[in-house]
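Here are some exercises to work through with the model open beside you. Try each task before you read its solution.

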Amino acid sequence: MDSTLRRREFLAGSGGIGVVSVAGRVGHSRSEADDAPSGDPNSVAVVSQHHLATEAGLEVLDEGGTAADAAIAVACTLSVVEPWFSSALGGGTWALYYDTESNEVTSVDGVGPVGSEATPEDFEARADTAGIHQSIVPGAWDGWMQWLDRYGVLELEDVLAPAITIARDGYPVSPEMERWLERRADLIDDRPAAASIYKPNGDIFEEGETVTQHEMADTFETLADVYADHRQKGRSDAIQAARDHFYRGPIAEAIVAYSDEHDGYLTSSDFHEFESEIVDPISIEYHDDVRVYQNPPNSQGITQLLALNVLTEYDLSELDPDDPDAVHLQVEAIKLAFADRYQHVGDPNRVDVPVAQLLDDDYRRSQADRIDMERAMEWPIDSGLSDASDELDELDERSEFDHTTTFHVVDADGNAAAVTTSLGAQFLVIGDTGIHINNRMRMVALEDDDPNLLTPGYKVRHTSNPYMALRNGRPYILGGNTGVDTQPQGQTQQFLNVVEFGLNAQEAVSRPRFVSTAFPSTQYPYEVESTLQMESAFPADVIEELEERGHDVEAGNISVGTATMIVVDDSRERIHVGAEPRISTAAGSVPASVDE
């Protein structure tokens, strides 16, 4: 095939913008947005992977909370109802926040370091087994408290109230939860604290049964009580007390004691010395009026920007998402982006990450020149900044990787939060705290020259990387996709579905997705499969054309992660949401006004 896809001659005016208004909830089963009147200019919006979490966010907004307050409520509620995907207490978070008052975007690094007692040699011997040795310091709680202090207005007890109520009263087991409990039944059997929650009568919960999280509710209540006890000193002091109770008090002591008992790597000093950070994001210009923001390293967020940067060199506006040229170009740009991520991105406190060079205009153009529209690239793929390449052996099986959740909030003042937060589905519960602890260590590297090398006291390259796009300086798209290496890929596709292909948010999320595996996986054992995995909804002739270009296509029921999205027009008269149709619990809502 002689491709007719043209390189861009200019950026201004290219691409269509599809914005559709929504009033009322968009449920998980919807393939397109409701045909409804425009929302109020002061509309709020929340979308998450569970309707109870979405409702918690709306409740907090209705009480006058900001997007930050609502995001914390959503995160804590998801900790209760999706305890295999995320934990505000035991996991890690990268998130972006647009603050209307300052008209700036910031990024929160709520990711803790590798434990002080870890070594590559010891971890490699146990890397394929689950346990506390796979846990890093959980940084999410400190990140949420940073947001509450800087951007929130409500009291901690008000923000935690929805999660505490649901944890106490219980909630129905979803089909997804039942599947995960069945997958991890052997682990749960070996862990008394987990078994007491998920097998109280000796059998794993089934769909529709009610599960409670009483110990988690106790921990949330204790943190709220600590806050209340210090409130007379000032709100910031009370928030600091809640942070200290976690990292320099009883919660840290319980986690470290468990780590000591089960041969983990975490120490008291790891917790005492940890503080999350609010940092500057990184960004690129996509078209003259759209700027895309991502989380900086140690997040892998730069991967999406690298792919989009290359794609700005091509004119996609006359194509549709199923066009073989459109798919091929995205896949090849993604491969180049992941080659750079693999060879350059790690904890910037340990390695020099050449962010400015990677996002440079000349580098973007040189990377675009490497794409052959008639032939797929194969691993090893060099970074454009070096001649080095490290070919890894291909292995047979790909690990399960969808252990993350993503959600977004817009409040009545126009503040916006884009969040991806992660845990890891190992159902490891710390004693009687109810805290489900992460297994993020499975994403550290073990080769000496790898920028993501396991190093005590430094951070793993974290896969969480929600994005936010501003148009004319105001929030336009908030998006996220779960699933380790799938995240930047799904996000790139959804962004283009809106900006280039004119789809609305629900259509963009519902579109069939593809996943390239033409680079080393982030997860142990770091395999390279060199396949292009495509959902079965892609047309057969598109798959055939891609195979002719050299793509090793695997089509069918593949794992493409889960996605959520909010799209806002310039005047905020129209806001619409996209909730993942591939799971049963996801929901988004745009009430007509904050008072309804």
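**Exercise 1. Find which residues ring pairs link into a cluster.**

Solution. Keep in mind that this is a predicted model. Step one: two rings pair if their centres lie within 6.5 Å. Step two: follow the ring pairs from residue to residue, and you arrive at a cluster of Tyr 97, Trp 144, Trp 147, Tyr 151 and Phe 407. Step three: set this beside the whole structure, where a search finds 16 aromatic pairs.

**Exercise 2. Classify the ring pair of Tyr 198 and Phe 427, and say where its partners sit.**

Solution. A pair of aromatic rings is described by the distance of the centres and the angle of the planes. Start with the geometry: the centres of Tyr 198 and Phe 427 are 5.2 Å apart and the planes stand at 75°, so the pair is edge-to-face. The cut-off used here is that planes over 60 degrees apart count as edge-to-face. Next, place the partners: Tyr 198 belongs to helix 8 (residues 192-198), while Phe 427 lies in the loop between strand 11 (416-422) and strand 12 (429-430). The pair thus links distant parts of the chain, 229 residues apart. Finally, check burial: Tyr 198 and Phe 427 are both buried.

**Exercise 3. Do the same for Phe 514 and Phe 538.**

Solution. With ring centres 6.4 Å apart and planes at 50°, the pair of Phe 514 and Phe 538 is tilted. Phe 514 is in strand 16 (residues 514-516), and Phe 538 is in the loop between strand 17 (532-535) and helix 19 (540-548), 24 residues apart. Both Phe 514 and Phe 538 are buried.

**Exercise 4. Which aromatic rings have the charged end of Arg 183 or Arg 471 sitting over them?**

Solution. Take Arg 183 to begin with: its charged end is over the ring of Trp 180, 4.5 Å from the ring centre. For Arg 471, the ring is that of Tyr 476, and the distance to its centre is 4.1 Å.

**Exercise 5. Work out how helix 16 (residues 361-369) is oriented.**

Solution. List the buried residues: Tyr 363, Arg 364, Gln 367 and Ala 368. Looking down the axis, these buried residues of helix 16 fall within an arc of 140°, so they line one face of the helix. Their packing partners are helix 13 (302-311), helix 14 (324-344) and helix 15 (355-358). Now turn to the other side of helix 16, where Asp 362 and Asp 369 are exposed. Last, look at the N-terminal end: Asp 360 caps helix 16 there, with a side-chain oxygen 2.9 Å from the backbone nitrogen of Asp 362.

Key. Residues are numbered from 1 along each chain as its sequence is written. This is a predicted model: local features need pLDDT of at least 70, side-chain atom pairs count only at pLDDT 80 or more; totals for chains, interfaces and linings use all residues. Side-chain values use heavy atoms; hydrogens and water are left out. Buried means under 20% relative accessible area, exposed over 50%, partly exposed in between (1.4 Å probe, protein chains only). Helices (H or I, at least four residues) and strands (E, at least two) are DSSP runs, numbered from the N terminus. The arc is that of the directions from the helix axis to the C-beta atoms. Contact means heavy atoms within 4.5 Å. A polar contact is a pair of N or O atoms within 3.5 Å; within protein, one must be able to donate a hydrogen and the other to accept it, and residues adjacent in sequence count only if both atoms are side-chain atoms. Rings of Phe, Tyr and Trp (its six-membered ring) pair if their centres lie within 6.5 Å; planes under 30 degrees apart count as stacked, over 60 as edge-to-face and the rest as tilted. A charge sits over a ring if NZ of Lys or CZ of Arg is within 6 Å of the ring centre and within 35 degrees of the ring normal.
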